[in-house]
Amino acid sequence: MGLSWQTKLLYFVLFVIYPLRGAVFFHQSDDAIFRYGQVAFIAGGALLMNWQFLKNILLIFQNHSQLKNLWKEYLWAALMALVNIHIFSCFYYIFGVVHNGSLLEADWYNSYYFSMVTWTTLGYGDFSPPENIRLIAAFEGFVGYVYMALLVGLIFTIATKNERQ
């Protein structure tokens, strides 16, 4: 059931290190094709990762696994949620976030902060996405809702399985 640890390690490298690299290279290059190729690479990787995650979660809910394996899968799912926050923060690093009317680009701290607030749909209001990536921010909020529902469902599955054992 689920993915092997080798596959999970590969996912970690592909979906944490490469988006980070792409975001940094975006600001170091003047070539527009290269820059937007980096954005497409990050977006394509995010779609692939989430597709694999959803397939894996469906397998978890369909199979009747041991409680020990369900906890491992829950921790993997929680890590994937953090990886998604990281990927979205790479977009905000590239395109910036608006704070007090000014655009802050290439700022990791505020990019991660904004991504976490958007993912959890807290919406403090101190930062906002620039006009050209508002749909990305809205999509992050939606993905955050889906992941939280799946994580809560997985906890419920673990809890009910624990009561039966």
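**Questions about this structure**

Me: How far apart, N to O, are the side chains of Arg134 and Glu131 in their salt bridge?
Reply: A salt bridge is a side-chain nitrogen of Lys or Arg within 4 Å of a carboxyl oxygen of Asp or Glu. Side chains of opposite charge can pair when their charged atoms come close. The side chains of Arg134 and Glu131 meet in this way, and the N to O distance is 3.2 Å.

Me: In this predicted model, what pLDDT do side-chain atom pairs need to count?
Reply: Residues are numbered from 1 along each chain as its sequence is written, and side-chain values use heavy atoms, with hydrogens and water left out. This is a predicted model: totals for chains, interfaces and linings use all residues, local features need pLDDT of at least 70, and side-chain atom pairs count only at pLDDT 80 or more.

Me: Is Glu131 buried or exposed?
Reply: Buried means under 20% relative accessible area, exposed over 50%, and partly exposed in between (1.4 Å probe, protein chains only). Arg134, at 44%, is partly exposed. Glu131 has a relative accessible area of 62%, so Glu131 is exposed.

Me: How many salt bridges does the structure hold?
Reply: Arg134 and Glu131 form a salt bridge. The count for the structure is one.

Me: What pattern does the protein follow along its sequence?
Reply: Helices (H or I, at least four residues) and strands (E, at least two) are DSSP runs, numbered from the N terminus. The protein has five helices and three strands. Read along the sequence, the pattern is α-α-α-β-β-α-β-α.

Me: In what order do the three strands stand in the sheet?
Reply: Two strands pair if DSSP finds at least two bridges between them. Strand 1 (residues 97-99) pairs with strand 3 over two bridges, in the antiparallel sense. The three strands form an open sheet in the order 2-1-3.

Me: Which strands stand at the edges of the sheet?
Reply: Each edge strand has a single partner strand, so one side of it is left without a neighbour in the sheet. These edge strands are strand 2 (102-104) and strand 3 (127-128).

Me: Which residue of strand 3 stands opposite His99?
Reply: Strand 1 covers residues 97-99 and pairs with strand 3. Opposite His99, in strand 3, is Phe127.

Me: Which helix supplies the largest share of the largest nonpolar core?
Reply: A nonpolar core is a set of buried Ala, Val, Leu, Ile, Met, Phe, Trp, Tyr and Cys residues joined through side-chain atoms within 4.5 Å. The largest one has 38 residues, and Ile87 and Tyr147 touch the most other members. Helix 1 (5-28), helix 2 (32-62), helix 3 (67-95), helix 4 and helix 5 (134-164) each supply at least two residues. The largest share, 16 residues, comes from helix 3.

Me: Which residues does Tyr147 touch, not counting those up to four places away in sequence?
Reply: Contact means heavy atoms within 4.5 Å. By that rule, Tyr147 touches Met49, Asn50, Phe53, Ala77, Met80, Ala81, Asn84 and Trp119.

Me: Is Ser115 buried or exposed?
Reply: Ser115 lies in helix 4 (residues 108-119). Among its contacts beyond four places in sequence are Ile85, Phe88 and Glu140. Its relative accessibility is 0%, so Ser115 counts as buried.

Me: How far apart are the C-alpha atoms of Ile158 and Leu70?
Reply: Ile158 is in helix 5. At 2% relative accessibility, Ile158 counts as buried. Leu70 is 88 residues away along the chain, yet the C-alpha atoms are separated by 6.5 Å.

Me: What C-alpha to C-alpha distance separates Leu75 and Leu151?
Reply: Leu75 sits in helix 3. Leu75 is exposed, with a relative accessible area of 57%. Leu75 and Leu151 are 76 residues apart in sequence, and in space their C-alpha distance is 9.4 Å.

Me: What is the phi of Asn100?
Reply: Most residues other than glycine have a negative phi, and most peptide bonds are trans. Asn100 is in the loop between strand 1 and strand 2. Asn100 is exposed, at 71% relative accessible area. Asn100 is not a glycine, yet its phi is positive, at about 50°.

Me: What is the phi of Ala106?
Reply: Ala106 is in the loop between strand 2 and helix 4. Ala106 is partly exposed, with a relative accessible area of 37%. Although Ala106 is not a glycine, its phi is positive, at about 55°.
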